[in-house]
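Please open the structure in your viewer and keep the selection panel at hand. The tour below moves from one selection to the next and says what is to be found at each stop.

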Amino acid sequence: MQPLPPLLRYAAHALPLAVLAASFAAQAAAAAVPHLALLATATAANLLAEAALHRWRPGQVSLLAKVRADVMVRRLTCDFLLIVGLLRLGGDHRETVYLPLVLGLLLFYALHFAGHAAAIRVRGARTLPLLTRNIDASALGITPAPPALLMRRHGPRLLLFGLPATAGLLVTAASDEPEFGAAGIALSAVLAALALARLVRCLVRRRPASPQEVLDWFDGWLAEYRPTVGMYFSGGVSSAYQANMWLDALSGLDGRPVIVLRERFMMQRIGATDIPIVCLPKVAQLLRLEHSALKLLIHPANSGKTSQVLRIPSIKHAFVNHGESDKLSSCNPYAKAYDEVWVAGPAARERYALADVGIEDRDVVEIGRPQLAPIAPYAGPPAGPYTTVLYAPTWEGWDGNPGNTSVVLAGENIVRALLRDPAVRLLYKPHPMTGSVDPRAAAADARVQALIHEANRARTGPRPGPQTAAEPARRAAELKALTTASFRDDADDAERMLVQSTPEPGRAEAVAAATAAWEAAHWASLPPAEHQVITAAQPALYSCFNEADLLISDVSSVVTDYLAAEKPYAVANTGELSQEQFREAFPTVRAATILTPDAAGVAALLDSVRHPAGDGPAAARAGLKLHLLGPSDPPSQARFNEAALGLCEIADEHRVRMARRLLPGIPAQRGAPTEADAAGEEALEPAPEG
């Protein structure tokens, strides 16, 4: 399906808002004239536009609220114009007849206001000071949440409950029979009263535990579970992948692991794991970890809130990053704040030394990349009729450097060159943040996807049978049953916390097996000649690695990870460096084929992949893999575990020393700050790295 032209896209986006504005104008005109048909049509259009805004344009609903034209103002205006039209259509001296309708309408809105206030109180009572996952929270007395329509969907509730009143008033306008309007308003008032009663019942019956009771329960869990190692993560909506790549490695450490989050929305974005997860939004709650058995936290990313956990002296901190590349962001000076910086291999150690950002060489520990175990090694040239090429460009980054991503300057040329070869099967997997900063990257990504879809329409070939094609859905259902808790649609954070209790024994192994089965079924179900655009989280990047005979990417951690397989790869040079300067500046590309923005070398690259005798960089890839990722023996997970045990031992020694020094004359670290302290800490947060 071809995307709409920009002008039509803009018109479609603005249509509900335009209809809403026009309906108010038409209502006002119909009330002034008066004109029954126009009044009825305008009111119906108003209701439809409101419904469309809430269903498909929530951003525009928020924009209207910012200019004080929220749903309450709009509904009052609509009903006011309807009443004015009703009075005008009824002729002279009808005010006393319609006065009860006006009073009834005011009663409905009063009940709605009271219900909205009660919903705010209920939400406040159910907003716990912290959240957990994979921990038994039944002791907190959490009950199922009231319907979301009553709790969180203020606008749709007013639209739905006010619909009988609006319909009754329209019928009254047409028939001049006040009974219809009275009946509609009465029904709306009853609905609002029932909603209010439901919410008041939630307030007067037994509530979940108080904030202090929740904190005491959490302290008890820390004392019982005694976590020793953990992962600390704070980030935006699209950054969860940075933490998810470390889940399996963390679960394989010796000790009792825990995951510490800071944002409530992140709880459901962390992937399937059996590791206990806690969300501690405020500094006052975070500092309770000081009195736990926790010795070590690894950090996959820098964020503004990282400084808050670094103040806990009893915990050691290691920066592990969420991938390694030659980009400057891999050598951020923020890393000085950690006790140690754990990197994959000698290349990263050299990178920190050359960057001269204040990282001492003794604080750099080489652990390899434990996530790379699922990547299959090189097994020779393509065996079938198609050469599978994975084009996985990175995103544009925060700095606007045109060399960050190849999508803008070279993406279309690379894809066209690949599609011209009938023996190529293309897998296109852009970075999930592509286009989030630069709209040119988003536009280029859309054009690349359009090229691939167009090529697929012109391509023919055998397709898998019905049973094979249906297998991924069956496997996906099995995986979903293992990884997704059965939430009600109305569940809030507290209810999800109750449902996501301690996992069944062996769930992690079952999830791994189900994921592998789904991936195998997914690839088998695809037509062998069909190109693929992969924008979902599954299949994962490493699964795509195993399908590919060749990778084309940018200077990013994708290249470093792909080297684990020692397969041919190419990197696009879209900056201003010559090929020699490019190789010198970025060690990860020294065993790569360099592509220019015009993609002139793609044909020769494909030929070298199919005929290994012409694969010049093959020998260099093995040496570069060792330089970037370190040795294969001992395995990376073992080196990761050794580094963790070593830093835990240092933490133990520090605790012993501090216990000896904490004499009555030496003040100790504060136990728990006040809410004012917490607010001050959060106000002084540094800006996130991104």
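Begin by selecting valine 71, which touches His54, His154, Gly155 and Leu158 when residues up to four places away in sequence are not counted. The model in front of you is a predicted one, and this stop shows how parts of its chain meet. Valine 71 belongs to helix 4, which covers residues 71-89, and the residue is buried, with a relative accessible area of 7%. If you add leucine 159 to the selection, you will find its C-alpha atom 8.6 Å from that of valine 71, although 88 residues along the chain separate the two.

His54, one of the residues touched by valine 71, leads to the next selection, namely helix 2 (residues 36-56) together with helix 3 (residues 58-66). The axes of these two helices are 5 Å apart and meet at an angle of about 110°, so helix 2 and helix 3 are roughly perpendicular to each other. On the side of helix 2 the contact is made by Leu53, His54 and Trp56, and on the side of helix 3 by Pro58, Gln60, Val61 and Leu64. Of the residues in this contact, 5 are nonpolar and 2 are polar, while no charged residue takes part.

Move on to strand 7, residues 340-343, and display its side chains. Glu340 and Trp342 point one way and Val341 and Val343 the other way, and all of them are buried. Strand 6 (residues 316-319) runs parallel to strand 7 and is joined to it by 2 bridges, with alanine 318 having glutamate 340 as its bridge partner. Strand 8 (residues 364-366) also pairs with strand 7 in the parallel sense, here over 3 bridges, and valine 343 stands opposite glutamate 366.

A further sheet can be shown by selecting strands in the order 11-10-9-12-13-14, which is the order in which these 6 strands form an open sheet with parallel pairing. Strand 11 (532-533) and strand 14 (593-595) stand at the edges with a single partner strand each, so one side of each is left without a neighbour in the sheet. Within this sheet, strand 12 (residues 550-553) and strand 13 pair in the parallel sense over 3 bridges, and isoleucine 552 has alanine 570 of strand 13 as its bridge partner.

Which residue forms a salt bridge with glutamate 566? Select lysine 625, whose closest approach to glutamate 566, N to O, is 3.6 Å. Lysine 625 lies in helix 24 (residues 618-629) and glutamate 566 in the loop between helix 21 (557-562) and strand 13 (569-572), so the pair ties together parts that are 59 residues apart in sequence. Lysine 625 counts as buried at 18% relative accessibility, whereas glutamate 566 is partly exposed at 29%. Glutamate 566 also has a positive phi of about 60° although it is not a glycine.

The structure holds 25 salt bridges, and two more of them deserve a selection here. Arginine 416 and glutamate 412 meet in a salt bridge at 3.8 Å, N to O, and both lie in helix 15 (residues 407-419), where they are 4 residues apart, about one turn of the helix. Arginine 416 is partly exposed, with a relative accessible area of 37%, while glutamate 412 is buried at 16%. Aspartate 438 and arginine 440 form another salt bridge, with their closest N and O atoms 2.8 Å apart; aspartate 438 is buried at 16% relative accessible area, and arginine 440 counts as exposed at 55%.

The last selections concern the backbone. Most residues other than glycine have a negative phi, and most peptide bonds are trans. Aspartate 176 has a positive phi of about 60° without being a glycine; its place is in the loop between helix 7 (154-175) and helix 8 (178-204), and its relative accessible area of 34% makes it partly exposed. Select glutamine 538 and proline 539 next, where the peptide bond is cis with omega near 0°, proline 539 being in the loop between strand 11 and helix 20 (541-547). Finally, aspartate 633 and proline 634 are joined by a cis peptide bond with omega of about 5°, and proline 634 is placed in the loop between helix 24 and helix 25 (636-661).

Key: Residues numbered from 1 in each chain as written. Predicted model: local features only at pLDDT ≥ 70, side-chain atom pairs only at ≥ 80, totals over all residues. Heavy atoms only, no water. Salt bridge = Lys/Arg side-chain N within 4 Å of Asp/Glu carboxyl O. Buried < 20%, exposed > 50% of the residue type's maximum accessible area, 1.4 Å probe, protein only. Contact = heavy atoms within 4.5 Å. Axes fitted to C-alpha atoms, helices over the stretch in contact; angles between N-to-C directions. Parallel < 35°, antiparallel > 145°, perpendicular 65-115°, else oblique. Nonpolar A, V, L, I, M, F, W, Y, C, P; charged D, E, K, R; others polar. Pairing = 2+ DSSP bridges.
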